[in-house]
Amino acid sequence: MRIHFYGRLAEQLGRSIELDIHGDCSVAEVRDRLAADHPHSAEALARRVRACVGDTIVADSHVVRPGETVEFLPPVSGG
């Protein structure tokens, strides 16, 4: 499963990584796996970071299927 990061997460984890996850899993399970593999980024992953699958922002309960890409988007500020 390909995971893309933006903002602070990209600085911490790189722009993208590949996770070895077989079968369907929820976005929450992806977050948990990333936090376990990268404990220095666990807090950033848990804080108001939205997940996007395809062109849709999804809840943590959303089921990700093999071959789909997940993107984690940090909060955006500005005016």
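Colleague: Which residues have the most contacts inside the largest nonpolar core?

Modeller: In this predicted model, the largest nonpolar core (buried Ala, Val, Leu, Ile, Met, Phe, Trp, Tyr and Cys residues joined through side-chain atoms within 4.5 Å) has 22 residues. Buried means under 20% relative accessible area, exposed over 50%, and partly exposed in between, with a 1.4 Å probe and protein chains only. The residues with the most contacts inside this core are Ile3, Phe5, Val30, Leu34 and Phe72.

Colleague: Which elements give two or more residues to this core?

Modeller: Helices (H or I, at least four residues) and strands (E, at least two) are DSSP runs, numbered from the N terminus. The elements giving two or more residues to the core are β1, α1 (8–13), α2 (27–37), α3 (42–46), β4 and β7.

Colleague: In which element is confidence lowest?

Modeller: Local features need pLDDT (the predictor's confidence in each residue, from 0 to 100) of at least 70, side-chain atom pairs count only at 80 or more, and totals for chains, interfaces and linings use all residues. Residues are numbered from 1 along each chain as its sequence is written, and side-chain values use heavy atoms, leaving out hydrogens and water. The protein has a mean pLDDT of 89, with 96% of its residues at 70 or more. Confidence is highest in strand β6 (residues 63–64), at 96, while the lowest mean, 86, belongs to α3.

Colleague: Why do the buried residues of α2 line one face of the helix?

Modeller: The buried residues of α2 are Val27, Val30, Arg31 and Leu34. Seen down the helix axis, they line one face because the directions from the axis to their C-beta atoms fall within an arc of 100°.

Colleague: Which exposed residues does α2 carry on the face turned away from its buried side?

Modeller: Valine 30, one of the buried residues of α2, has contacts (heavy atoms within 4.5 Å) with Met1, Ile3, Leu19, Ile21, Cys25 and Phe72, not counting residues up to four places away in sequence. The face of α2 turned away from the buried side carries the exposed residues Asp32 and Ala36.

Colleague: Which strands stand at the edges of the open sheet?

Modeller: Five strands form this open sheet with mixed pairing, in the order β2-β1-β7-β4-β5. Each edge strand has a single partner strand, so one side of it is left without a neighbour in the sheet. The edge strands are β2 (16–18) and β5 (56–58).

Colleague: Is the pairing of β1 with β7 parallel or antiparallel?

Modeller: Two strands pair if DSSP finds at least two bridges between them. Four bridges link β1 (residues 2–5) to β7 (residues 69–73); the partner of histidine 4 in β7 is glutamate 71, and that of phenylalanine 5 is phenylalanine 72. The pairing of β1 with β7 is parallel.

Colleague: Which residue of β7 stands opposite valine 53?

Modeller: Strand β4 (residues 50–53) runs antiparallel to β7, with four bridges between them. Strand β4 is also joined to β5 by three bridges, again antiparallel. Opposite valine 53, in β7, stands valine 70.

Colleague: Which residues form the uncovered face of β1?

Modeller: Strand β1 is joined to β2 by three bridges, and the two run antiparallel; isoleucine 3 has isoleucine 17 as its bridge partner in β2. The covered face of β1 holds Ile3 and Phe5, and the uncovered one holds Arg2 and His4.

Colleague: What is the relative accessible area of alanine 46?

Modeller: Alanine 46 lies in helix α3. Its C-alpha is 8.6 Å from that of alanine 35, and the two residues are 11 apart in sequence. Alanine 46 is exposed, and its relative accessible area is 64%.
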